[in-house]
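Notebook open, coffee poured. Today I'm going through the pocket and the ligand surroundings, one lookup at a time.

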Amino acid sequence: MVNANIDFHLEKVPVQLKNLTKKFMDEGKIITAVDNIDITFEKGKLTTLLGPSGCGKTTTLRCIGGFYKPEEGEVLIGSENVRGVPPYKRPTGTVFQNYALFPHMSVFENIAYGLRVKKMSNKEVKDKVNKGLKLLQLDNMGDRLPTQLSGGQQQRVAIARLLVNEPKVLLLDEPLSNLDAKLRIYMREEIKNIQRELGLTTIYVTHDQEEAMTLSDQMAIMNEGRIEQIGTPIEIYNKPANKFVGDFIGEANFLEGSIERIVENTALVRIDDYKIKSEVDSNKYAEDDDVLIMIRPHDVEICNEDEADIITKVRWAAFIGAQVNYQVFMPGEDDFTVYDYHADQIKSAEEDINLKIKKSLVIEKL
Ligand SMILES: Nc1ncnc2c1ncn2[C@@H]1O[C@H](COP(=O)(O)OP(=O)(O)OP(=O)(O)O)[C@@H](O)[C@H]1O
Ligand SMILES: [Mg+2]
């Protein structure tokens, strides 16, 4: 946690990427790691960049930090276009996966490193480092070596080392991935608290969905070098922009159908013999459109036949304690998952099952 009495000069600025493209050459082949992205990271907010391995998260972060030079596009930090500015002159601070502390240097000297590079006077260095130590409640640990600290304390040293340089933007690339599960949960709370109290614009790369949901003010979902959607965790979960996002965040079923009717924001979607009411953006979809709808497994209820939207059979069932997971037969689909949270008995394979769809969303045109 942060010592609130220590006053640091940290400025809040947004970060803007405009038409940013970064390519690599790999054995004569061009790889477009970041493909013409446009995004604003709001000032003072924590935004996660989330997406599958290889989608371009680290490359994006490194373009912001100045470690890669983009082929096209601009990076603006506040109102400053940082094209051509080397990393150490950018108002950014980067935390890498393993914190990259110098093992042979004391905690004090680790934090002092960047200030000494800038040739600050000894007095200034001492003042700033002591302030950094206090801020991150590492008061009596200046003389220790990094190996004499816990994982959490090492992380705080890594953050203190950045903060003494008074960055405007914090860049973190999977900072918790080396930690065990328990420490990871503890540390993500710490990061959130530090970020919130300092109010620094923070861009946080992860491929851990839960980590992203817990930490984010905003999430940016990346896929193949592009941003698929930006929004709060709730917006992304409840209103994914397309199948990729719906599938990537949380559990989802998808069914193909066609729109019979639209009344305000509700579409009646015909799927084989069934008709399902589905939330729809009536500006984007019209009657007779062939569409994909998304249904989350917990938005389906097992009901009596007369209330059912879908009458089918169980493919298989698994009792996992808090719920029963059913796979059921569905026209044209291999998988359709339903969670039953109120089971006092479990249906067996081939048994009839009646389903009420409590919520679904028209997600894509086919
Ligand atoms: N220095 C490089 N040379 C060639 N190709 C690269 C280089 N760095 C990254 N790439 C390629 O660019 C793409 C994006 O890589 P990047 O490291 O940004 O992905 P990522 O989203 O951070 O993935 P991960 O979650 O695995 O860390 C990948 O296809 C990767 O192989
Ligand atoms: Mg990466």
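I started with who lines the largest pocket, and strand E6 gives the most, with four residues. E6 covers 92–95, and helix H2 (107–117) and helix H4 (151–163) also each supply at least two residues of that lining. Note to self: this is a predicted model.

Next I pulled the whole lining. I get 24 residues around the largest pocket, and those nearest its centre are Tyr-88, Thr-92, Gly-114, Leu-162 and Asn-165. Sorting the lining by class gave me 14 nonpolar, six polar and four charged residues. For the volume of this pocket I noted about 700 Å³.

Then I moved to ligand 1. What surrounds ligand 1? I find 13 residues, with Ser-53, Gly-54, Lys-57, Thr-58 and Thr-59 as the closest. By class, I wrote down five nonpolar, six polar and two charged for this shell. Helix H1, residues 57–65, gives the most to the shell, with three residues.

I looked up polar contacts to the ligand's oxygen atoms as well. From the side chain of Ser-53, an N or O atom sits 2.5 Å from an oxygen of ligand 1. Gly-54 comes in through its backbone, with an N or O atom 2.8 Å from a ligand oxygen. Gly-56 also uses a polar backbone atom, at 3.0 Å from an oxygen of ligand 1.

Last entry: how much of ligand 1 does the protein cover? On its own, ligand 1 has 640 Å² of accessible area, and I have 64% of that covered by the protein.

Technical notes
Residues are numbered from 1 along each chain as its sequence is written. Chains are lettered from A and ligands numbered from 1 in the order in which they are written. This is a predicted model: local features need pLDDT of at least 70, side-chain atom pairs count only at pLDDT 80 or more; totals for chains, interfaces and linings use all residues. Side-chain values use heavy atoms; hydrogens and water are left out. A residue is near a molecule or strand if one of its heavy atoms lies within 4 Å of it. A polar contact is a pair of N or O atoms within 3.5 Å; within protein, one must be able to donate a hydrogen and the other to accept it, and residues adjacent in sequence count only if both atoms are side-chain atoms. Accessible areas come from the Shrake-Rupley method with a 1.4 Å probe; for residues, only the protein chains shown count as cover. Ala, Val, Leu, Ile, Met, Phe, Trp, Tyr, Cys and Pro count as nonpolar, Asp, Glu, Lys and Arg as charged, and the others, Gly among them, as polar. On a 1 Å grid over the protein atoms alone, a cavity is a set of points where a 1.4 Å probe fits but cannot get out, and a pocket is an open set with protein on both sides within 12 Å along at least five of seven lines; lining residues have an atom within 4 Å of a point. Grid points are joined across faces, edges and corners, and a volume is the space filled by probe spheres set on the points.
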